[in-house]
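I opened my notebook to record what I looked up, one topic at a time. The entries below keep the order in which I went through the topics.

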Amino acid sequence: MYQRSEILRSRFLLIPTLGLAALLLSGCAYDEPIRIHSDDLRLEFDHRLYSRIVAVDPASGATKSLGPFSPTETLATENEEYSEFQTDSQEWTEVSDAIGEGQKVVLEGSNSVLRKQVAITTYADFPRTAILRVTYTNVSEESLTLKGWT
């Protein structure tokens with residue numbers, strides 16, 4: 001059982017692109033998707049922390065969504081599955097660590113039971129890779145029994 005604790009899940013997302021060095025924020029309102037992108041590919045998050053990948057033609061700038069917004073994960077407890085979180089913050093920073101130089105964006109959102117944090121890190125030396133680290137925190141007064149997550 002988990003009470004006011006963190007459940008952590010990391011994923012490695014390989015992005016076939018020539019560069020993902022420039023992380024750019026498009027718009028400040030959470031009504032618009034939060035965009036992490038390079039010249040030919042974009043990772044977007046909506047106000048629920050759902051994500052999608054959008055292909056971009058570098059020559060024309062034309063875009064094509066590779067699917068609809070969908071949950072990056074679903075956390076399952078004994079009684080319910082949680083996949084929707086109201087986005088309420090984002091933080092963009094430069095990183096320099098053992099892997100190299102890069103950029104990181106941390107998105108946070110919550111519902112009445114859980115707080116979700118998604119950290120996306122990219123490195124200049126690994127332009128086709130985005131590392132996603134997802135953390136869930138029980139913010140309710142009730143204990144949760146975790147069944148799993150996908």
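These are my entries on a predicted model, taken up by sheet, core and loop.

Entry one, the sheet. I looked up how the strands are ordered and found an open sheet of three strands that runs S8-S7-S13, with antiparallel pairing. At its edges I noted strand S8 (81-82) and strand S13 (146-149), each of which pairs on one side only. I then followed strand S7 (residues 75-77), which is joined to S13 by three bridges, the two running antiparallel. For one residue I wrote down the partner by name: Ala76 is bridged to Gly148 in S13.

Entry two, the core. Which residues of the largest nonpolar core touch the most other members? I found that, of its 20 residues, these are Phe45, Leu107, Leu114 and Ile120. Strands that each supply at least two residues of this core include strand S2 (34-37), strand S3 (41-45), strand S10 (101-110) and strand S11 (114-123). Strand S12 (126-138) is also among them, and S12 gives the most, with four residues. I went on to Leu107 and, leaving aside its neighbours within four places in sequence, listed its contacts as Ile34, Phe45, Leu49, Ser89, Gln90, Lys116, Gln117, Val118 and Ile120.

Entry three, the loop. I turned to Ser140, which is found in the loop between S12 and S13. Is Ser140 buried or exposed? Its relative accessible area is 11%, so I entered Ser140 as buried, the cut-off for that word being under 20%. I also noted that the side chain of Ser140 reaches the backbone oxygen of Glu142 at 3.2 Å.

Key:
Residues are numbered from 1 along each chain as its sequence is written. This is a predicted model: local features need pLDDT of at least 70, side-chain atom pairs count only at pLDDT 80 or more; totals for chains, interfaces and linings use all residues. Side-chain values use heavy atoms; hydrogens and water are left out. Two strands pair if DSSP finds at least two bridges between them. A nonpolar core is a set of buried Ala, Val, Leu, Ile, Met, Phe, Trp, Tyr and Cys residues joined through side-chain atoms within 4.5 Å. Buried means under 20% relative accessible area, exposed over 50%, partly exposed in between (1.4 Å probe, protein chains only). Contact means heavy atoms within 4.5 Å. A polar contact is a pair of N or O atoms within 3.5 Å; within protein, one must be able to donate a hydrogen and the other to accept it, and residues adjacent in sequence count only if both atoms are side-chain atoms.
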